[in-house]
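Biologist: Hi! Could you bring up the model so we can walk through it together?
Modeller: Sure, here it comes.

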Amino acid sequence: MLNKIYDWVDERLDITPIWRDIADHEVPEHVNPAHHFSAFVYCFGGLTFFVTVIQILSGMFLTMYYVPDVENAWKSVYYLQNEVAFGEIVRGMHHWGASLVIVMMFLHTLRVFFTGSYKKPRELNWIVGVLIFCVMLGLGFTGYLLPWDMKALFATKVGLEIAGSVPFLGDLIKILLAGDAEIIGAQTLTRFFAIHVFFLPAALFALLAAHFIMIRKQGISGPL
Amino acid sequence: MQRGKGMKFVGDSRIKANNRMVNQPKDYSEYPGKTEAFWPDFLLKEWMVGAVFLIGYLLLTVAHPSPLEGPADPTNASYIPLPDWYFLFLYQLLKYTYASGPYNIIGAIVVPGLAIGALILMPFLDKGPERRPSKRPIPTALMILAVAAMFYLTWESVVNHDWEAAKAQGAITDKHLGLLPDVEIDETAPGYEIYQAQASCVGCHGGDLAGAGGPMLLGNELTAEEVAEVIQNGRGGMPAGAFQGTDEELQQLAEFIAGLKEAE
């Protein structure tokens, strides 16, 4: 039955080459931790993606309870943390995952750097990688405000002051992010929520797609 | 169509592709050794690494519940801010003389901007064909220096932060949870008006007497004499002599505050 459905779709859309390409490509020995234990350094990128997937899933569940509004944001997080079944686990995974993404991405960047893998022909993929790094830091910064507790408010205040010190564009950037030149309040929270949940993830998906397509196109860099 | 299982479209207007094969898996024969197919052989190994990683991740989640401080209060002027740990090195940088104050632009924009700029342009700054770190000493040394600086700045930031005070200043109190003690506030009492007129009182203990930067006064355990003594001489983080007024007003204020006892 499933085979027949597959054949029916394949006959029309020729989907076989798409997944066979992903499934069949050869993985060289020098990145395989089963052959060389030290090759675990080649797992950092994959683990970053793994945590990213967990971040997306846990974040989707968090938005089922979270309310992006100054009156209720903290209350909804407190409720989620203390009353909702497994809420503490889901929020905990999102909280620690945010740190782990940074750690694994940092290690992945160092691996690519010290194996010289950014060199020709992989320059574009390196640039996309650095952009992913920036998007992840942006996700960390905007996500930190959302619980609307004391540390969130005051850390964001400092961060926005730094953004505001950019020459010429500082005030514009600050108003764009915070919704006001001075006040960090209701407008800031909804903007950070929108940036954290819609704008940056959209950018992240596009960049990740480019990152992976380029890896498939170019293959992984050879042994040193 | 030569591809896949051979597609036939009704009224197909597409030009037949030239005879190149599409999506041919890349050949790794230039790297002799034990190559293996991504699916399922290699992916299985990646999943094993992922499973070990996930165990550590979940242990961390279970052992350390994610922190939550009291709700944001923009009027609290005494809160010492701290960003999340992975921004600490940038934050620490802003504490040095030539990266803060009039030189703020250096610490806030120039140094991070140069670092990100150099990182993004790395393939064009280091164009040589050598890949081994030892064969390209300058990029290697610069990167080691940058990483060492990040670790050092993060460390400095951590050891110079008062974590005990940070924990106390953000604590969730009964007030935040709507669990204030059952105290009836007599807003016609002379002490109440004196309290509201004292900026130093309201600033720390809140206009609702439930505490702001300082502790809550509702449901306190003190007698009027003890309250007067604390107002005059201070206690803990409370400064002495902040009260502005006559002895009679002080007496009325102390009696009012001592009267904020929980109903039996």
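Biologist: Which residue is the bridge partner of A:E26 in β1(B)?
Modeller: That is B:A37. Keep in mind as we go that this is a predicted model.

Biologist: Noted. How many bridges join β1 of chain A to β1(B), and do the strands run parallel or antiparallel?
Modeller: Two bridges join them, and the strands run antiparallel. The strand on the chain A side covers residues 26-27.

Biologist: And beyond the strands, how many residues of chain B are in contact with chain A?
Modeller: On the chain B side there are 55, and they touch 72 residues of chain A.

Biologist: Which elements of chain B give two or more residues to that side?
Modeller: They are β1 (36-37), α1 (38-63), α3 (104-120) and α4 (122-125) of chain B. The element that gives the most is α1(B), with eleven residues.

Biologist: What does that side look like by class?
Modeller: The side of chain B that touches chain A has 32 nonpolar residues, ten polar ones and 13 charged ones.

Biologist: Back to α1 of chain B for a second. Which residue there follows a cis peptide bond?
Modeller: B:P40, which lies in helix α1 of chain B. The bond from B:W39 to B:P40 is cis, and its omega is near -5°.

Biologist: Where is there a cis bond in chain A?
Modeller: One joins A:K120 and A:P121, with omega about 10°. A:P121 sits in the loop between α5 and α6 (123-145) of chain A.

Biologist: While we're on backbone details, what is phi of A:F86?
Modeller: It is near 60°, which is a positive value in a residue other than glycine. You'll find A:F86 in the loop between α4 (73-82) and α5 of chain A.

Biologist: Let's zoom out. How many helices and strands are in chain A?
Modeller: Chain A has nine helices and one strand. Along the sequence the pattern reads α-α-β-α-α-α-α-α-α-α. Its C-alpha atoms fill a box of roughly 55 × 50 × 35 Å along the principal axes.

Biologist: How do α3 and α5 of chain A cross?
Modeller: Helix α3 (residues 44-62) and helix α5 (residues 87-114) of chain A have axes that come within 8 Å and cross at roughly 155°.

Biologist: Why call α3(A) and α5(A) roughly antiparallel?
Modeller: Because an angle over 145 degrees counts as roughly antiparallel, α3(A) and α5(A) fall under that description. The crossing of α3(A) past α5(A) is left-handed. By class, their contact has 14 nonpolar, nine polar and two charged residues.

Biologist: What about α7 and α8 of chain A, at what angle do they pack?
Modeller: Helix α7 (residues 150-164) and helix α8 (residues 170-178) of chain A pack at about 145°, and their axes are 7 Å apart.

Biologist: Which residues meet there?
Modeller: From α7(A) you have A:L160, A:A163 and A:G164. They meet A:G170, A:D171, A:I173, A:K174, A:L177 and A:A178 in α8(A). By class, the contact of α7(A) with α8(A) has five nonpolar, two polar and two charged residues.

Biologist: Last one: how is chain B divided into domains?
Modeller: Domain 1 covers 85-169 and domain 2 covers 174-258. The C-alpha centres of those two domains of chain B lie 47 Å apart.

Conventions. Residues are numbered from 1 along each chain as its sequence is written. Chains are lettered from A and ligands numbered from 1 in the order in which they are written. This is a predicted model: local features need pLDDT of at least 70, side-chain atom pairs count only at pLDDT 80 or more; totals for chains, interfaces and linings use all residues. Domain bounds come from an automatic or database domain assignment. Axes are lines fitted to C-alpha atoms, for helices over the stretch in contact, and angles run from 0 to 180 degrees between N-to-C directions. Helices (H or I, at least four residues) and strands (E, at least two) are DSSP runs, numbered from the N terminus. Angles under 35 degrees count as roughly parallel, over 145 as roughly antiparallel, 65 to 115 as roughly perpendicular and the rest as oblique. A crossing is left-handed if the near helix is turned anticlockwise from the far one by less than a right angle, and right-handed if clockwise. Ala, Val, Leu, Ile, Met, Phe, Trp, Tyr, Cys and Pro count as nonpolar, Asp, Glu, Lys and Arg as charged, and the others, Gly among them, as polar. Two residues are in contact if their C-beta atoms, placed from the backbone, lie within 7 Å. Two strands pair if DSSP finds at least two bridges between them.
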